[in-house]
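Subject: Structure handover

Hello,

Here is the structure I promised to pass on. Please open it next to this email, and my notes follow below.

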Amino acid sequence: MTPGPTDDERLRAREAPAERPVMRQIWRHLGFLHWPIEASAIAPLLPADLELDTYDGTAYLGLVPFTIPLSRTPRLGLPVAPPFHEVNLRTYVHRGGRDPGVWFFSLDAQSRLAVAGARAAYHLPYFHARMSLEVTPEATVTYRSRRRGVGAPAELEGRYAPTGAATPAVPGSREFFLAERYLLYAWDGRRLSGARVHHAPYPLQPAAASDVRETLTRAAGLTPSAGPPALVHYAREVDVRIYRPHHV
């Protein structure tokens, strides 16, 4: 196994690409719910060109629910999709010690338009879902998602809320490893591609989750998460630029 990316390599991933973005989005009320997972359970599910990225030898599986109130073209500000909620199931990868990024097992979204567009343009495993998100003045988020259509049940419900002050994650920390990811990978059945995103560092807050129940992991062919998430973080909002995919 190739050693993972250096701290300098992870910091370089946050730099804005030289090309022009294709979309601007606002991501709001993000929950980062993570469980440690055996590397042997997850590495065989990755494409051959990707390696599992670990922190102190531990691999992580993450569920990240959030809402997207704005999706527009970057220059003219034309709407790309109506506001919608999303949740992704993911792990962390690299390519030969470079290019740390995210591998998605699934992405469920409330918008049929967003699902169709992301599947066609980015070859990501998006699914249409019935979803709701409620937020109290204290930023307690109640989230529900149920995938539409036939097949294995794929659901998530639960609550999460910040418990401390917002601050950017410190480079080299586990929080940085889990949240500060600016490259996504996808596989179209023949070739691997990567697409960049760019935003200011997450205003990350420690958080707590309760009553989390999910079947997204089982639907993805993974062992269901055991017990509550081991690590929980919250981010109020980031303003994101999204770039076109490239074959890697």
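The model holds five aromatic pairs. Please keep in mind that this is a predicted model. One of the pairs is formed by W27 and F66. Their ring centres are 5.6 Å apart, with 55° between the planes, and the pair is tilted. W27 belongs to strand β1 (residues 23–37) and F66 to strand β3 (residues 59–72), so this pair ties together parts that lie 39 residues apart in sequence. W27 is buried, at a relative accessible area of 12%. F66 is buried too, at 3%.

Y55 and F177 make another tilted pair. Here the centres are 5.7 Å apart and the planes stand at 50°. Y55 sits in the loop between β2 (51–52) and β3, and F177 sits in helix α4 (residues 174–179), so the pair links parts 122 residues apart in sequence. Are these two residues buried or exposed? Y55 is partly exposed, with a relative accessible area of 21%. The cut-off for buried is under 20%, so Y55 does not count as buried. F177 does count as buried, at 3% relative accessibility. Y55 and F177 also form one aromatic cluster together with Y92.

Next, F127, which has charged company. R119 lies over the face of F127, at 5.0 Å from the ring centre. R147 lies over the face of F127 as well, at 3.9 Å from the ring centre.

F127 leads on to the strands. It is in strand β6 (residues 126–135), where it stands opposite D108. Strand β6 runs parallel to β5, and three bridges join them.

Strand β5 deserves a look of its own. It covers residues 98–109 and is mostly covered: ten of its twelve residues are buried. Which strands does β5 pair with? Here is the list:

- Strand β4 (residues 84–95) pairs with β5 in the antiparallel sense, over nine bridges. V93 stands opposite G101 in β5.
- Strand β9 (residues 183–187) pairs with β5 in the parallel sense, over two bridges. V102 stands opposite L184 in β9.
- Strand β6 is parallel to β5, with three bridges.

The hairpin of β4 and β5 has two residues between the strands. One residue to check there is G96, which takes a positive phi near 60°.

Two residues other than glycine also have a positive phi. D99 is at about 50°. D99 is found in strand β5. It is partly exposed, at 24% relative accessibility. H123 has a phi near 55°. H123 lies in the loop between α3 and β6. At 36% relative accessibility, H123 is partly exposed.

Now for N88, in strand β4. N88 is buried, with a relative accessible area of 4%. What is N88 in contact with, leaving aside its neighbours within four places in sequence? The answer is G62, L63, V64, F66, F104, S106 and L107. F66 is the residue that pairs with W27.

For contrast, try L76. Its place is in the loop between β3 and β4. L76 is exposed, with a relative accessible area of 69%. L76 and V102 are 26 residues apart in sequence. In space they are 29 Å apart, C-alpha to C-alpha.

Last, the largest pocket. About 590 Å³ of space lies in it. Its lining counts 34 residues. Which of them lie nearest the centre? They are Q25, W27, Y126, L184 and I242. You have met W27 in the tilted pair with F66, and L184 opposite V102.

Several elements give two or more residues to the lining of the largest pocket: β1, β3, β4, β5, α3 (112–122), β9 and β10 (192–198). The largest share, six residues, comes from α3.

If you want a route through the model, begin at W27 and F66. Go on to N88, which is in contact with F66. Then follow strand β4 across to β5, and end at the largest pocket, where β4 and β5 both give residues to the lining.

Best wishes

Note on methods:
Residues are numbered from 1 along each chain as its sequence is written. This is a predicted model: local features need pLDDT of at least 70, side-chain atom pairs count only at pLDDT 80 or more; totals for chains, interfaces and linings use all residues. Side-chain values use heavy atoms; hydrogens and water are left out. Buried means under 20% relative accessible area, exposed over 50%, partly exposed in between (1.4 Å probe, protein chains only). Helices (H or I, at least four residues) and strands (E, at least two) are DSSP runs, numbered from the N terminus. Two strands pair if DSSP finds at least two bridges between them. Rings of Phe, Tyr and Trp (its six-membered ring) pair if their centres lie within 6.5 Å; planes under 30 degrees apart count as stacked, over 60 as edge-to-face and the rest as tilted. A charge sits over a ring if NZ of Lys or CZ of Arg is within 6 Å of the ring centre and within 35 degrees of the ring normal. Contact means heavy atoms within 4.5 Å. On a 1 Å grid over the protein atoms alone, a cavity is a set of points where a 1.4 Å probe fits but cannot get out, and a pocket is an open set with protein on both sides within 12 Å along at least five of seven lines; lining residues have an atom within 4 Å of a point. Grid points are joined across faces, edges and corners, and a volume is the space filled by probe spheres set on the points.
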